[in-house]
Amino acid sequence: MKVIFKYGVVISGIIVMSAASLAEQSNEDEIRTLLINKLNNVYLTLPNQDPTKLSLTLRIADLLSERARAESNIELSKGCTKCVAGVNDRKKALLMYKEALPKVSPENAGRVLTQIGHLYELTGNENGAIQTYKKMISENSDPAAVAEAQLSLAEMYFKRNNFSEARQYYDQVFKSAARVSKGLAAYRMAWCDFRLGRVQAAAQMMQKILSDPELLTRSSQTNVTSIDTQFHEEVTHDFVTFLAQNNVNENAAQLVYDLSPIATKLNHVFDLAVELERLGLRGNSISVWQFLQEKETRPLQRLEGYVRLAQLQMEQKNITQAFEDYNRGLAMWPQICEVPQESCKELGIRIKNFAIDAHKMEQKSPSTSIFDIYEAYLKVFSNEVDMALQAAVIAKHLKNWPASFQYFGLAAQSYMQEKNSKKLEDVLLNQIEVAELSKDSALVNEALDLYLDSSITKSADLKVRYQKAKIEYDKGDYSTAVNLFRAVAFTPGHVSLDLKEKAADLSLDALVLLKDEKRLEAWARDYAKLLPGRSHDFLAIASRSVLNKAVEIAKSSPESALAELKKVDRSVLNLTEQVDVVKNIIILAEKIHRFDEARRATNDLLAIQNLKAEDRTFALEHKIYLAELTLDFQTAYSAAKEMSGDKNDAYWLKMALLAELAGQPADAYYVKFMNETKDQDRAEAIAVKIISASPNPLREIELYKNRFATKPERLAELYLEAYAKAPNSSIISIVEKNKNLKGTFGHKTLLRQNLLNDYKAVQAKITSHQIDASSQKKLSNTIKARGKLLDDVDKVASRAVALEDFSSQILALDLLGKESKRFYEEIMSLPLPEGLTPEEQGQYLQMLSQQASPHQVRSQDLAIKVSEFWQNKAATDAIQKIYPQQVLAVQNLLKPEVELLAHIAPASGGITWPELGHKSEAPKLDPKVDFKVIEQARSNLREDPLNKTKVEKLLSLEKGFGGSAMVSYLESRLENLKTKEK
């Protein structure tokens with residue numbers, strides 16, 4: 001802010017001129033310099049006491065200041081970086097003002113001080129300026145001068161960014177009674193508040209300025225209030241800036257509209273909308289734009305409003321509204337910007353960028369809405385190739401194949417006109433890709449034809465022609481396809497050999513489908529020459545045609561087909577084809593029962609190097625089958641061991657059977673079978689088989705006992721069988737400790753073995769014991785001994801009762817009862833001692849009766865008890881049923897026990913005792929069966945392995961011979977033959 005004060009000193013010849021032109025300015029500078037020189041000469045001649053010297057001094061200072069200002073302006077107009085023009089004049093003027101200051105009147109001192117302050121500022125002495133202004137404020141009584149100093153100080157602090165200090169002085173100016181630049185002070189106060197973060201206060205001050213016409217001017221030194229239009233514009237613009245950052249409400253647009261100059265109302269509302277958008281306040285910006293659109297009548301501005309609204313709505317995810325505003329803008333474009341103009345250029349960029357920006361928001365997965373935007377854009381700007389390509393790509397992503405195809409087509413037309421061969425090629429290939437993805441054969445054909453007709457570079461010509469042939473091939477028109485493929489294969493040059501090979505391959509495949517064996521062989525040989533790298537393959541195809549012929553013949557004549565296959569030269573075939581030939585020979589040979597040829601072919605197949613696992617399995621399976629047919633179980637067993645891959649329970653059972661038939665150990669296979677199978681009954685049967693055949697059955701029982709966890713009866717039987725074969729007290733101990741076995745037949749039978757042994761021992765002693773009455777001493781001793789033996793029998797009986805076992809109880813109780821009776825009878829039949837008086841004889845007999853009667857009572861009670869036991873039909877029936885069911889070893893173990901029971905059983909009890917000891921562990925051999933006869937039957941079966949009668953004959957002989965494994969195998973084979981007959 002710079003104010004130049006003019007003083008009322010009139011000097012002749014001084015004329016102030018305006019700088020209307022550069023020439024006039026130069027002339028004015030010359031006059032000013034001439035005047036300064038003349039006045040300076042006068043100044044030097046005047047004494048200090050001269051009253052006119054003060055006015056002259058001030059006038060010279062004014063002229064020096066003005067000349068400095070003019071020179072500075074010229075230098076600034078030239079774009080100076082370090083501006084020094086006018087510095088010397090300002091320093092001189094400063095000295096003259098300071099010289100005059102003590103002499104000026106009080107009412108003029110303020111103005112001089114103001115000039116001094118300004119010159120201090122302009123010469124870089126800010127401290128001097130500040131001191132001058134503060135002195136002026138403190139010493140001057142003129143409100144206008146004080147306000148001017150305050151304003152100058154405020155401006156200095158404002159430039160220093162000391163907004164807090166500056167605001168205080170601006171506030172003082174604003175409140176001053178003098179008519180000073182209050183509008184400027186208020187404007188600067190608003191900026192200070194804004195810089196200090198008091199945005200609301202800043203906006204309120206701006207609003208106050210705009211609402212008060214007296215404040216809408218930078219200078220108010222006259223009594224007439226006149227609005228400064230430029231200042232009004234600036235304040236409104238800054239008000240918009242402040243308002244945008246100050247919690248904008250829905251009335252903001254209307255407020256700006258009302259407070260703005262008439263000519264720029266819409267412009268300032270526009271600025272508010274833009275500023276809100278810049279600050280990221282999209283919702284507020286949208287409201288302002290919508291307000292503006294209601295007021296705006298200018299078409300171009302309305303168009304821009306819709307475009308900006310669309311952008312903001314898109315950013316707010318209001319897709320529907322964004323698209324609506326965007327379409328409105330696009331609808332206006334042809335009428336407004338049909339003729340190119342600069343103002344439309346930027347709008348066109350915005351319209352385009354809207355689509356691009358919307359696309360970026362969904363870059364990874366654009367939606368249908370994004371495609372709609374591009375489509376709407378292209379309806380107006382149809383020649384925008386890059387946008388057409390984007391639309392094509394988005395449509396492709398959305399699987400909108402027709403649209404994608406169409407927009408790639410638009411781009412292709414443009415590139416054709418430009419003759420841009422590279423880009424045209426890319427687009428045409430994209431069209432093909434889209435058409436293929438659409439799976440629309442018509443679209444694919446159109447794309448391929450477009451490429452063949454339009455491509456300049458023809459980089460994919462061969463591939464496209466191949467695809468055309470493939471289409472014909474896929475739809476079954478093999479007659480057309482073979483010729484198209486052949487044309488591709490015979491395309492000149494050494495490019496795309498892989499594609500040519502595919503074409504050659506498919507042409508031959510088509511000939512196969514056409515069953516044109518004649519052309520197939522001839523073309524294969526042609527291709528062998530055309531494509532030397534694949535000659536071996538094509539020659540193999542020629543050979544394979546023979547194989548195909550054989551396969552066809554096999555349907556009606558397997559013999560002829562086999563003959564054809566044997567003619568095939570396998571040396572030209574690849575590994576897979578060689579394997580196919582040999583496998584077909586095996587199958588056909590087996591089918592016509594030429595098993596020797598099948599066997600040789602199987603060995604040929606196994607001899608092929610690098611045989612696939614599945615083909616090796618095929619060969620081994622057939623080798624096993626063929627070996628079994630000829631009863632060559634050693635070969636079958638060896639082949640089965642070579643099998644690889646996953647092995648299930650059926651495999652291990654098969655291995656066990658083959659091992660047995662081959663005379664090899666089979667237990668390991670049976671174990672694997674048991675570990676794999678889910679058939680627990682069969683696994684248990686196998687476990688029993690292993691245990692029964694083992695020389696150490698107890699060891700095997702302990703190994704497999706968990707398999708019988710739910711069948712304690714069967715486990716107890718296995719322990720019993722092991723004991724019967726090799727009695728061992730440890731077996732009884734194991735069974736006795738196993739609580740799960742308690743109450744089972746095996747458990748009871750084993751636990752009573754010790755009891756029966758004790759029974760037999762005491763029975764032998766007591767039944768042979770006699771009372772010796774030859775002397776009193778012997779009589780006494782033998783009676784005591786007999787009583788002791790009866791006690792031993794009683795103990796055995798007590799143990800039998802505790803065991804709850806029928807046979808041991810009845811044996812012990814029967815023996816105790818009978819021996820008690822015998823003891824009673826023997827005592828009562830003893831002779832009287834000699835020399836006894838009648839009275840003593842009576843006493844003696846009474847004593848004998850007292851000793852013997854308890855034995856009589858016990859014998860009677862036990863007789864009744866034993867009788868009740870024999871009447872227990874369930875128990876006696878169990879003996880008759882269970883005992884005969886046992887294996888021979890167990891029967892032999894039980895035989896003595898049964899014989900004891902039979903000996904004491906009542907004759908009239910109706911009990912039929914089983915005959916034990918006649919069951920055989922092994923089948924009886926037919927004495928008429930001779931090994932030579934069996935071998936002859938086997939030989940006969942080898943010659944005709946599928947003859948059911950011969951299988952039955954051998955089975956009958958094997959049963960008589962005792963071959964259990966062979967019998968099982970032949971029974972299974974016979975069952976298979978019967979199944980095939982059905």
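This is a guided tour of selected residues and helices in a predicted model, arranged in the order in which they may be selected.

Residues are numbered from 1 along each chain as its sequence is written, and because the model is predicted, local features need pLDDT of at least 70 and side-chain atom pairs count only at pLDDT 80 or more, while totals for chains, interfaces and linings use all residues. Side-chain values use heavy atoms, with hydrogens and water left out.

**Stop 1: Glu 155 and Thr 236**

Begin by selecting Glu 155, which sits in helix H6 (residues 143-159); helices here are DSSP runs (H or I, at least four residues), as strands are (E, at least two), and they are numbered from the N terminus. Glu 155 is buried, with a relative accessible area of 5%, where buried means under 20% relative accessible area, exposed over 50%, and partly exposed in between (1.4 Å probe, protein chains only). Show the side chain of Tyr 170 as well, since the side chains of Glu 155 and Tyr 170 are joined by a polar contact of 2.2 Å. A polar contact is a pair of N or O atoms within 3.5 Å, and within protein one must be able to donate a hydrogen and the other to accept it, with residues adjacent in sequence counted only if both atoms are side-chain atoms.

Next select Thr 236, in helix H10 (residues 229-244), which counts as buried because its relative accessibility is 1%. Its side chain reaches the backbone oxygen of His 232 at 2.7 Å. If neighbours within four places in sequence are left aside, Thr 236 is in contact (heavy atoms within 4.5 Å) with Leu 210, Leu 259, Ser 260, Pro 261 and His 268.

**Stop 2: the nonpolar cores**

A nonpolar core is a set of buried Ala, Val, Leu, Ile, Met, Phe, Trp, Tyr and Cys residues joined through side-chain atoms within 4.5 Å. The largest has 137 residues, and those with the most contacts inside it are Leu 605, Phe 633, Met 674, Tyr 719, Leu 750 and Leu 970. Helix H40 (residues 806-828) gives the most to this core, with 10 residues. A second, separate core of 86 residues includes Ala 202, Phe 231, Val 240 and Ala 252.

Within the largest core, select Tyr 719, which is found in helix H36 (residues 712-725) and is buried, with a relative accessible area of 1%. Residues that Tyr 719 touches, not counting those up to four places away in sequence, include Leu 698, Ile 701, Ile 734 and Leu 750. The C-alpha atoms of Tyr 719 and Leu 750 are separated by 8.5 Å, although these residues are 31 residues apart along the chain. Then move to Phe 633, which, with neighbours within four places in sequence left aside, is in contact with Leu 658, Leu 661, Ala 662, Met 966 and Tyr 969.

**Stop 3: two loop residues with positive phi**

Select Asn 610, found in the loop between helix H29 (595-607) and helix H30 (613-629). Phi of Asn 610 is near 60°, a positive value in a residue other than glycine, and Asn 610 is exposed, with a relative accessible area of 67%. Leu 631, in the loop between H30 and helix H31 (633-641), also has a phi near 60° and is likewise a residue other than glycine, but Leu 631 is buried, with a relative accessible area of 8%.

**Stop 4: helices H38 and H43**

Two packed helices are described by the angle between their axes and the distance between the axes. Helix H38 (residues 745-767) and helix H43 (residues 888-904) pack at an angle of about 65°, with their axes 11 Å apart; axes are lines fitted to C-alpha atoms, for helices over the stretch in contact, and angles run from 0 to 180 degrees between N-to-C directions. To display the contact, select Phe 745, Thr 749, Arg 752, Gln 753, Leu 756, Tyr 759 and Lys 760 of H38 together with Leu 893, Leu 894, Pro 896, Glu 897 and Leu 900 of H43.

**Stop 5: Pro 831 and Leu 977**

Pro 831 lies in the loop between H40 and helix H41 (838-870) and is exposed, with a relative accessible area of 54%. Its C-alpha atom and that of Ala 773 are separated by 8.1 Å, with their positions 58 residues apart along the chain.

Finish at Leu 977 in helix H46 (residues 964-981), which is buried, with a relative accessible area of 10%. Leu 977 touches Leu 946, Lys 948 and Val 951, not counting residues up to four places away in sequence.
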